[in-house]
Amino acid sequence: MSKFCVFCGRPPVDKNREHIIPQWLIKHTGRGKMPMVKVMEPDGTLKPKISYMNFTMPACESCNEEFSDLEGKVKPILLNILADKPVTAREISLFLDWLDKVRLGLRLSRVYLQDGLHQEPPHTFIKDRVGLTDRMLIIEKIKPQPDVRLAFPDTNTQYFKSAAGSFQFIIDNYVFTNASAHFMVSSKLGFPYGTHIETVDAPNIAIDDIVPGKKRARGPVFGNFGPSSDRILIYQPIFKPFISTDYKLYDNDYVKSHCIDFANGLGGIFYQRGKTNEVKYLNPDDKTVLSPAETTRDFKTILRGAYEVQAEMLAHAPKYNTSDARFNDYNNKLFQVMNWELQKTIAAHR
Ligand SMILES: [Zn+2]
């Protein structure tokens, strides 16, 4: 495979290396064993391939510099979250940008390792995926697991290797389950949303009929992942790709007063905390502590949640409707294989 920059997808200019998982984080959590990139063998077993500490991806020097700014900003934010210190909505938004970056980076690392059914060259890179679609974050706290202080347990599924719409990231005793897709939460948060999406010429999607929002936020917001006493749910609508083409739909007081940066299509941070279905809005400079009560659910159940989110994302993924019927057929079959694997894994975690 020819080398591509993990950020822009072009052949790397002034070659540079990017650590997908920052070294400071590996050191921070690295009292135990170093997390390994595991690759699936033909018999279905997972074999450790390389330590994340040594695992880098090619990148352009300029792309790497551009994103090192984000890395620098997110480090103190993440450390504050892990220390149960308050963070602002703007900071949460940056943290979500960073999760977009890590999620895509982990997916592209699979392409480099030629691990996965999807063998066509990738068409989405980190720059195409950071801060461009709605996102969600589930935050849970587990009993400290001495052997698991840094892990991404669900990144070995075929769904993740081909789409990477969601992933679970365990850091210390925090479990972050992050998902992102067009209009995933917009409608429930009262923002305009697309009613019909399909993939017409990957990576291009066709979105028909963006309709006005209801101008109020109401739960449940995403699938079965409702409020719970031991869970904090974070949502952010993002309309950057639509602000110019559908400006009239967005140009109203509700949307404008629930944004971090209206002109750039960056919606604000909404959250649910505790058992209530009420969805609250956090003003850009208001602070909150993202520390849910420690869960009484066991570790296996927490892991199952990651696969359940993947299955939910897959169920709502845009179907293929290109001019090539065989290509559509192939991809729709691939969806079935991914779903079969996810359902099997979910059952194994019951
Ligand atoms: Zn680049």
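In this predicted model, Lys215 counts as partly exposed, because 14 C-beta neighbours fall inside 10 Å, a count between the limit of 12 or fewer for an exposed residue and that of 20 or more for a buried one. The backbone at Lys215 also deserves a look: phi is near 60°, a positive value in a residue other than glycine. Most residues other than glycine have a negative phi, and most peptide bonds are trans. Lys215 belongs to the loop between strand 11 and strand 12.

That loop, which connects strand 11 with strand 12 (232-236), also holds Pro220. The peptide bond leading from Gly219 to Pro220 is cis, and its omega is near -5°.

A positive phi turns up at Asp84 as well, with a value of about 60° although this residue is not a glycine. Asp84 sits in the loop between helix 2 and strand 5 (87-88). Here the neighbour count is 11 C-beta atoms inside 10 Å, so Asp84 counts as exposed, the cut-off for that class being 12 or fewer.

Turning to the sheets, strand 11 is part of an open sheet of three strands, arranged in the order 11-10-18 with mixed pairing. Strand 11 (204-211) and strand 18 (319-320) are the edge strands, and each of them pairs on one side only. Strand 10 (residues 193-201) runs antiparallel to strand 11, and seven bridges link the two. Two positions help to locate this pairing in the structure: Glu198 has Ala206 of strand 11 as its bridge partner, while Thr199 stands opposite Ile205 in strand 11. In a regular strand the side chains alternate between the two faces of the sheet. As for burial, strand 11 has eight residues and the number buried is zero, so this strand lies largely in the open.

A second open sheet contains seven strands in the order 7-8-9-6-12-15-16, with antiparallel pairing. Its edges are formed by strand 7 (150-151) and strand 16 (280-282); each has a single partner strand, so one side of each is left without a neighbour in the sheet. At one of these edges, strand 15 (residues 269-273) and strand 16 run antiparallel and are joined by three bridges. Within this pairing, Ile269 has Leu282 of strand 16 as its bridge partner.

Among the helices, helix 2 (residues 61-82) and helix 3 (residues 89-112) pack with their axes coming within 9 Å and crossing at roughly 120°. The two helices are therefore oblique to each other, the perpendicular class ending at 115 degrees and the antiparallel class starting over 145. The crossing of helix 2 and helix 3 is left-handed. Helix 2 contributes Phe67, Leu70, Lys73, Val74, Ile77 and Leu78 to the contact, and helix 3 contributes Glu91, Leu94, Phe95, Asp97, Trp98 and Lys101. By residue class, the contact of helix 2 with helix 3 comprises eight nonpolar residues, four charged ones and no polar ones.

Notes
Residues are numbered from 1 along each chain as its sequence is written. This is a predicted model: local features need pLDDT of at least 70, side-chain atom pairs count only at pLDDT 80 or more; totals for chains, interfaces and linings use all residues. Two strands pair if DSSP finds at least two bridges between them. Helices (H or I, at least four residues) and strands (E, at least two) are DSSP runs, numbered from the N terminus. Axes are lines fitted to C-alpha atoms, for helices over the stretch in contact, and angles run from 0 to 180 degrees between N-to-C directions. Angles under 35 degrees count as roughly parallel, over 145 as roughly antiparallel, 65 to 115 as roughly perpendicular and the rest as oblique. A crossing is left-handed if the near helix is turned anticlockwise from the far one by less than a right angle, and right-handed if clockwise. Two residues are in contact if their C-beta atoms, placed from the backbone, lie within 7 Å. Ala, Val, Leu, Ile, Met, Phe, Trp, Tyr, Cys and Pro count as nonpolar, Asp, Glu, Lys and Arg as charged, and the others, Gly among them, as polar.
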